[in-house]
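Here is a short tour to read alongside the sequence and the model. Take a look at the structure first, and then we can walk through it together.

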Amino acid sequence: MSGHVTGAVAALADELPRWVSLLRAPNPGPMTLDGTNTWVLRAPAAEYAIVIDPGPADEGHLTRIVEHGPIGLILITHGHPDHTEGAARLSELLGGAPVLAVDPAHTIGGESLTEAGEHLNGFGLAIRLLDTPGHTADSVCFLVEHGDERVVLTGDTILGRGTTVVAHPDGHLGDYLTSLELLSAYRGIPALPGHGPALADCAAAADFYLAHRRARLDQVRVAVAGGAHTPAEVVATVYADVDRSLWWAAVWSVRAQLEYLGVDTGESPPGVSGLEHM
């Protein structure tokens, strides 16, 4: 539990509802895993589908999404570019389909998710908005239900493989732990993440993440007590098992951990964009 997690954090989903389709964007990398997952949901016999996270502004990827039309709504889990960059173009290709996000900057042709309320029009699907900040301040998940089948779209709050970065200062570790506790209530419900494979049990993944984060906090406490005073010094101690090429990303999580523990590093961190897992 104390080492860097690179594998699946819960059992993989053997089967997903027939109304769920995955289109993976061609943007693989160390921070995006196999690429950004774009999920297309269409209730049986429904005219319109719903898209979760259009992904990057890759014309080929966006064309594949359009081929699953007609699409009546685009939902955003959070504002990082690898999830939102293609949203405006996709909306255009779909004739002005609304894009709903927490951040009005990513909202097109409708009200923000904050204004829309907890329950959304799902074109035959019951969609409930779950407020899950932490990875970023605007992170949300979606609980989607049809009949006796349910899934949780987790964005980058829970990934299909590895653990996610808390993108400090926009992200906040205390909020993230609270969000994981909320997701741990969805026992036996598949998690459809923003990156990596679908997981069989959202709650099991949330439980693993909570244990991992608490173990990391214990390691950070030990590192600080041993004389590590800056995020870089803590990373060198706590993330020694992580490839050094990823230490720059680990610094963001460590800043969030030190803030959570009330450790003043005297730093004023710059903004963060596009970070995903760590």
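## The sheet

In this predicted model, five strands make up an open sheet with mixed pairing, arranged in the order β6-β7-β8-β9-β10. The edge positions belong to β6 (119-122) and β10 (191-193); each has a single partner strand, so one side of each is left without a neighbour in the sheet. From one strand to the next, the twist averages 25 degrees.

If you follow the sheet to its β10 edge, you will find β9 (residues 149-155) pairing with β10 in the parallel sense over three bridges. There, Gly155 has Pro193 of β10 as its bridge partner.

## A helix across the strands

Next, turn to helix α5, which spans residues 173-183. Helix α5 lies across β7 (125-131), β8 (140-146) and β9, and runs at about 150 degrees to β7.

## The larger nonpolar core

Which residues have the most contacts inside the largest nonpolar core? They are Val152, Ile158, Leu183 and Tyr186, in a core of 26 residues. The elements giving two or more residues to this core are β8, α5 and α6 (202-225). Of these, α6 provides the largest share, with six residues.

Ile158 is a good place to zoom in. Leaving aside residues up to four places away in sequence, Ile158 touches Leu180, Leu183, Pro193, Gly194, Leu199, Cys202, Ala205, Ala206 and Tyr209. Pro193 in that list is also the bridge partner of Gly155, and Leu183 is itself among the residues with the most contacts inside the core.

## A second core

Apart from the 26-residue core lies another one, made of 23 residues. Its members include Leu41, Ile50, Leu113 and Leu125. As a general background, nonpolar side chains tend to be buried together in soluble globular proteins.

## The cysteines

How many disulfides does the structure hold? The count is zero. Cys141 is in no disulfide, and the nearest cysteine sulfur to its own, that of Cys202, is 6.9 Å away. Cys202 is likewise in no disulfide, with the sulfur of Cys141 as the nearest cysteine sulfur. A disulfide here requires two cysteine sulfur atoms within 2.5 Å, so the 6.9 Å between these sulfurs does not qualify.

Are these two cysteines buried or exposed? Cys141 is buried, with a relative accessible area of 0%, and Cys202 is buried too, also at 0%. Cys202 appears once more as one of the residues that Ile158 touches.

How values were computed. Residues are numbered from 1 along each chain as its sequence is written. This is a predicted model: local features need pLDDT of at least 70, side-chain atom pairs count only at pLDDT 80 or more; totals for chains, interfaces and linings use all residues. Side-chain values use heavy atoms; hydrogens and water are left out. Two strands pair if DSSP finds at least two bridges between them. Helices (H or I, at least four residues) and strands (E, at least two) are DSSP runs, numbered from the N terminus. Axes are lines fitted to C-alpha atoms, for helices over the stretch in contact, and angles run from 0 to 180 degrees between N-to-C directions. Contact means heavy atoms within 4.5 Å. Buried means under 20% relative accessible area, exposed over 50%, partly exposed in between (1.4 Å probe, protein chains only). A nonpolar core is a set of buried Ala, Val, Leu, Ile, Met, Phe, Trp, Tyr and Cys residues joined through side-chain atoms within 4.5 Å.
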